[in-house]
Structures are given as C-alpha cells and as structure tokens.
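Okay, everyone, thanks for squeezing in. I'll put the structure up and then walk you through a few spots in it.

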Amino acid sequence: MGLYDASIGTLLIGIFFNTYLYGFVTFQFLAYYKTDFGDRPAVRYMVLFLFILDTVHSATSVYLAWIYCVENWGNPAALSIAAWPYTFTPIATALAAFVTQIFLGYRILHLSKSKALFGIVLALALPSFALGMACGIRAWIIKVLTELPQINNLVTAWLAMQVGCDAVITGTLTIVLSQSRTGFRKTDSVLNRLIRGAIQTGLFAGIFSLGDLVSFLKWPNTNLYGMFAVPIGRIYTNTLLDTLLARTELKARMAGTYDVGSSIAWSPDASRNIQLEVHTEVHQTCDNASFEAEGKVSSTMAL
C-alpha cells in the first residue's frame, strides 16, 4: 500500500467519479432544455440552479486535486489541511439534496393530495439542510483534518436525517404508485417505471451517504470519506433529471393502445361491425378501470 493511498488516492477516486457524473448530468441538462416539456418556470429554474451548483462544485473539486497534487507537490504537510473546496462539499451536497427532496415531496403532494405527507418530508428536509450547512461552515472554520472529529455528532445527525428523508420519500412514492396499479399491462408498465425511478432516487444517494458517514466516523484521519462525499450532489441531480427526462418515454407508452390481452376473441366469421363494437366496448372498459391510475401518471409527468 502506497504512502498516500488513503489520503490523496481515495480523494482522487471521488473526484474522478464526480467528474464522470457531472459529464452525464451535463448531457441530461442539455437533453432537458432541448425537449419542450412545457414545465412551469419554477421547475426549469430548479433544473438550472442544480446544474449551476453542480458546475461550481465539480470545478472546485478539480481545483482541490490541483491544490494537493500540483501546488503542494512535495509538501506532505498540506494534506493535514482541509482546503476550502473540500469544506464546500457539505454545503453543495446539502443544497442539492434539499432541492431534490422538496421537489419529490411536492410530487407526493400532487399524487396523494396529502398535505400531511408533504409536511413530513418538509419536516425532515429542512433540518437536514440546516445540519448540512452547519457541517460545511464548521469544517470551513476548523480546517485541520485531524480536528474534524469535533463535528462527528453534527455529521452523524446530518447524514442520518438525510438518509431518513430519502427513505421516507422513496417509500411513500412507491406505496402511492403501487396502489394505482390496475392490472392492465400498459398502465402498470408506466407505473413500474415511475416506481423504479423513485427507488433509484433514494437508493444510490443513501448508499453514498452511509458510506460517507461510516468512513468519516471509522477513519477520520484519512480522506476515504471524500470518495463518497464528493459525488453525492451529482447523484441527486442525476436521479432527478432522469425522472424528468423519463416523461418522454412514459408519454409514448401512454399514447399507445391498451393491451387487452385475451379479452377480445377474434372470429374470422364475425362481421367487421361486430368486431368494432366489441373492441370499442373493451376499450371503454379499460379506460374506466385505468382512469384513476392514468390521472396519477399524468399528474406525475406534468410536474
């Protein structure tokens, strides 16, 4: 094992992965603005804000690598200081997480019509955001890496609440969408895609947040936690943009004809008029059975 594997090595892995995710986010951002979804200005500004935030944080992360690997080449003492781009990471992550959680909380409100559920998300997201900002500010003041364990309790509270908020959002969206299943393949395939997106939103961010927490508490004198901490903000933006962009695919599915399976028994001896009447009747039955589910799907895609 090299001398700087646990310090520079792990941090660079986090920066490299973050840069890769930023490239993917840039592609998603361009795809979003190239497609006319008809979103409200608030949604478009939210996407723009997250992209600017990701750009600033990714640029500062690359500059962090420059500080440690170029400016302080041959100066190991510099590794004991948390440069300002490093301490900016909790602030950028808290901002990205907060915006994403509020958006998904509003989606829950839109789907379930439950102000109580939205209130629960807000009650978790706001303290999580405040704790993340506090972690960044305290780390910015402390600077010395060996003294960062002073904020262990603060970091634990922040990341635990952030993971908890993501879990509540994921679970609530999954339950609300699952209850809308009708048994018709077309509608259910769209709902399954929405459920998968909801699970991805909380799963990947939760894995990296827990990795950040465990490595920060267990190996505070290394930069292992940086490998998890730096990319978290991009993961939030990536999953949110994926949710927005998926509407093109979902609308195409919803625009197709209903899958009625074996409900229609075609007979070569039947007249064309009878076939049309049977098809129309079954189509209307499917419409009535799927109306509520499609309403929720349409509401989701209209956000």
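So here's a question to start with: leaving aside its neighbours within four places in sequence, which residues is H57 in contact with? Have a look while I remind you that this is a predicted model.

Right, the partners of H57 are F88, T89, A92, V230 and R234, again not counting residues within four places in sequence. H57 itself sits in helix α2, which covers residues 41–71. And is H57 buried or exposed? Buried: its relative accessible area comes out at 0%, and the cut-off for calling a residue buried is under 20%.

Let's hop over to one of those partners, T89. You'll find T89 in helix α4, residues 89–112. T89 is buried too, with a relative accessible area of 4%. With the neighbours within four places in sequence set aside, T89 touches H57, A229 and V230. V230 turns up in that list for T89, and V230 also turned up for H57.

Okay, zooming out to the whole chain. How many helices and strands are there? There are 10 helices and 0 strands, so if you read the elements from the N terminus on, you just get α-α-α-α-α-α-α-α-α-α. Of the 303 residues, 48% are buried. On the contact side, take the pairs with a separation of 6 or more: 78% of those contacts are between residues 24 or more positions apart. And for the surface people, the chain exposes about 14,800 Å², with carbon and sulfur atoms supplying 67% of that.

Last stop is a helix pair, α5 and α6. Helix α5 is residues 115–142 and helix α6 is residues 152–178; their axes come within 8 Å and cross at roughly 150°. Why do we call the pair roughly antiparallel? Because the label applies to angles over 145 degrees, and α5 and α6 therefore qualify as roughly antiparallel to each other. The crossing is left-handed, by the way.

What meets what there? On the α5 side, the residues include L117, I120, L124, L131 and R138. On the α6 side, among them are L154, W158, M161, V168 and T172. Taken together, the residues of the contact of α5 with α6 split into 17 nonpolar, 5 polar and 1 charged.

That's my tour, so over to you.

How values were computed:
Residues are numbered from 1 along each chain as its sequence is written. This is a predicted model: local features need pLDDT of at least 70, side-chain atom pairs count only at pLDDT 80 or more; totals for chains, interfaces and linings use all residues. Side-chain values use heavy atoms; hydrogens and water are left out. Helices (H or I, at least four residues) and strands (E, at least two) are DSSP runs, numbered from the N terminus. Buried means under 20% relative accessible area, exposed over 50%, partly exposed in between (1.4 Å probe, protein chains only). Contact means heavy atoms within 4.5 Å. Accessible areas come from the Shrake-Rupley method with a 1.4 Å probe; for residues, only the protein chains shown count as cover. Axes are lines fitted to C-alpha atoms, for helices over the stretch in contact, and angles run from 0 to 180 degrees between N-to-C directions. Angles under 35 degrees count as roughly parallel, over 145 as roughly antiparallel, 65 to 115 as roughly perpendicular and the rest as oblique. A crossing is left-handed if the near helix is turned anticlockwise from the far one by less than a right angle, and right-handed if clockwise. Ala, Val, Leu, Ile, Met, Phe, Trp, Tyr, Cys and Pro count as nonpolar, Asp, Glu, Lys and Arg as charged, and the others, Gly among them, as polar.
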